[in-house]
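Here is a note for a colleague who is coming to this structure for the first time. Please keep the sequence and the model in view while going through the numbered points.

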Amino acid sequence: MQFLATISSLPFYILATISIICALGMILNPNLVRAGFTLIGSFIGIAGLYFLLNANFVAVSQVLIYAVGIVLVIVFAVMLCSLKEEAHNIKESVFSSKARVTFAVLISSLVFAVLSFVIRSQDWQAIAKLTGAERQSSLVQLVDDKYLSQIGFLMLNKYILPFELVSVLLLIVLVGTILLSKKDIK
Amino acid sequence: MTVTLVHYLTFSALLFSIGLFGLLISRNAFRVLMSIEIMLNAVNINFVAFAHFLDPLAVKGQAFSLFVMAIAAAEVAIGLSLLLLIYRNRMNIDMDSFATIKW
């Protein structure tokens, strides 16, 4: 039984390790285009975690929007900027000042320490009882294939206002991007 | 030991700290954008994990993670067009050189 539990938790650890290593590689890789492609590995690892969490639609959207869409747009913009001379001495510019690196390590490890302390100190079992998740989790197998319709139902009923606001936001972004990238901006 | 909500939350906290580290350490504006994407992804993992473990019937967290994705796409589009505009004007995208663009 112990062995079975270990095996079933293996995919989580593998995917988490992949995405953390790829995220670190993105930050430390001196070549910007390679850093962008390393980011794809991180996003695909996170998409695998979404599959483990029964969020199939979110996982597919993650691959489509993040791993393909956003990263490809960033990589194309990097190529447009043709930072040839910067690509050579970016290593020294990333690690130039010791004080900067020390500050960054200090701040981020402090944030991680505080977050993990808060996570450990919560009683999640009690919260799960409070929300009724314990009762519902026996029903999850029944509605396993109904997640997608549930998301659509939420988006068009309870969350109709944010849904419409997002569409307005995307329209504004479309217009704004065209306006910003016009040659003769007056 | 089975994988519980705490595992997912700790993983997401770790990923968020890595994104914050990249945000603070990098001087290239493109790398700053990529670090922000990592941080947004960490938040998304939280949403989906809460939806799975605490709210398995009405999966509100998944709907929210889709909203976050749409806003991340919008942020990247505007950010990149601003960066290209700055690059066209001053031929570099070092974060320290933006300090003169204050008002």
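1. A good place to begin is Gln62(A), which, apart from its neighbours within four places in sequence, is in contact with Phe43(A), Ile46(A), Ala47(A), Tyr50(A) and Ala67(A), and also with Asn41(B) and Met69(B). Please bear in mind that this is a predicted model. Gln62(A) is placed in helix H3 of chain A, which covers residues 56-81. Is Gln62(A) buried or exposed? With a relative accessibility of 0%, Gln62(A) counts as buried, because the limit for that class is under 20% relative accessible area.

2. Helix H1 of chain A, made up of residues 2-28, has 27 residues and spans 38 Å between its first and last C-alpha, which is close to the expected 39 Å at 1.5 Å a residue. The helix nevertheless bends by about 35 degrees at Ser9(A), and a proline, Pro11(A), follows within four residues.

3. Which residues of H1(A) are buried? They are Ala5(A), Ser9(A), Phe12(A), Leu15(A), Ala16(A), Ser19(A), Ile20(A), Cys22(A), Ala23(A), Met26(A) and Ile27(A), so Ser9(A), where the bend is located, is one of the buried residues. In general, an α-helix has 3.6 residues a turn, so residues three or four places apart point the same way. The buried residues of H1(A) pack against helix H2 (32-52) of chain A, and also against H1 and H2 of chain B.

4. Turning to chain B, its secondary structure consists of three helices and zero strands, and from the N terminus on the elements run α-α-α. The radius of gyration of chain B is 17 Å, well over the 13 Å that the globule rule gives for 103 residues, so the chain is more spread out than a compact globule. Along the principal axes, its C-alpha atoms fill a box of roughly 55 × 25 × 20 Å.

5. Of the 103 residues of chain B, 61% count as buried. Among the contacts in chain B with a separation of 6 or more, 59% are made by residues 24 or more positions apart. Chain B exposes about 3700 Å², and carbon and sulfur atoms supply 73% of that area.

6. The aromatic rings deserve a separate look, and the count comes to nine aromatic pairs over all chains. In one of them, Tyr8(B) and Phe53(B) are tilted, with 5.9 Å from centre to centre and 50 degrees between the planes. Tyr8(B) belongs to helix H1 (residues 5-25) of chain B and Phe53(B) to helix H2 (residues 29-54) of chain B, so this pair ties together parts that are 45 residues apart in sequence. Tyr8(B) counts as buried at 4% relative accessibility, whereas Phe53(B), with a relative accessible area of 24%, is partly exposed.

7. Why is the pair of Phe47(B) and Phe64(B) described as stacked? The ring centres are 5.7 Å apart and the planes lie at 20 degrees, and planes under 30 degrees apart count as stacked. This pair links distant parts of the chain, since Phe47(B) is in helix H2 of chain B and Phe64(B) in helix H3 (residues 60-90) of chain B, 17 residues apart. Phe47(B) is partly exposed, with a relative accessible area of 28%, and Phe64(B) is partly exposed as well, at 33%.

8. Finally, ring pairs link Phe12(A), Tyr13(A), Tyr8(B), Phe11(B) and Phe53(B) into a cluster. Of these residues, Phe12(A) is also listed among the buried residues of H1(A).

Key
Residues are numbered from 1 along each chain as its sequence is written. Chains are lettered from A and ligands numbered from 1 in the order in which they are written. This is a predicted model: local features need pLDDT of at least 70, side-chain atom pairs count only at pLDDT 80 or more; totals for chains, interfaces and linings use all residues. Side-chain values use heavy atoms; hydrogens and water are left out. Rings of Phe, Tyr and Trp (its six-membered ring) pair if their centres lie within 6.5 Å; planes under 30 degrees apart count as stacked, over 60 as edge-to-face and the rest as tilted. Helices (H or I, at least four residues) and strands (E, at least two) are DSSP runs, numbered from the N terminus. Buried means under 20% relative accessible area, exposed over 50%, partly exposed in between (1.4 Å probe, protein chains only). The expected span of a helix is 1.5 Å times one less than its number of residues. The bend at a residue is the angle between axes fitted to the seven residues ending there and the seven starting there. Contact means heavy atoms within 4.5 Å. The radius of gyration is taken over C-alpha atoms; the globule rule is 2.2 Å times the number of residues to the power 0.38. Accessible areas come from the Shrake-Rupley method with a 1.4 Å probe; for residues, only the protein chains shown count as cover.
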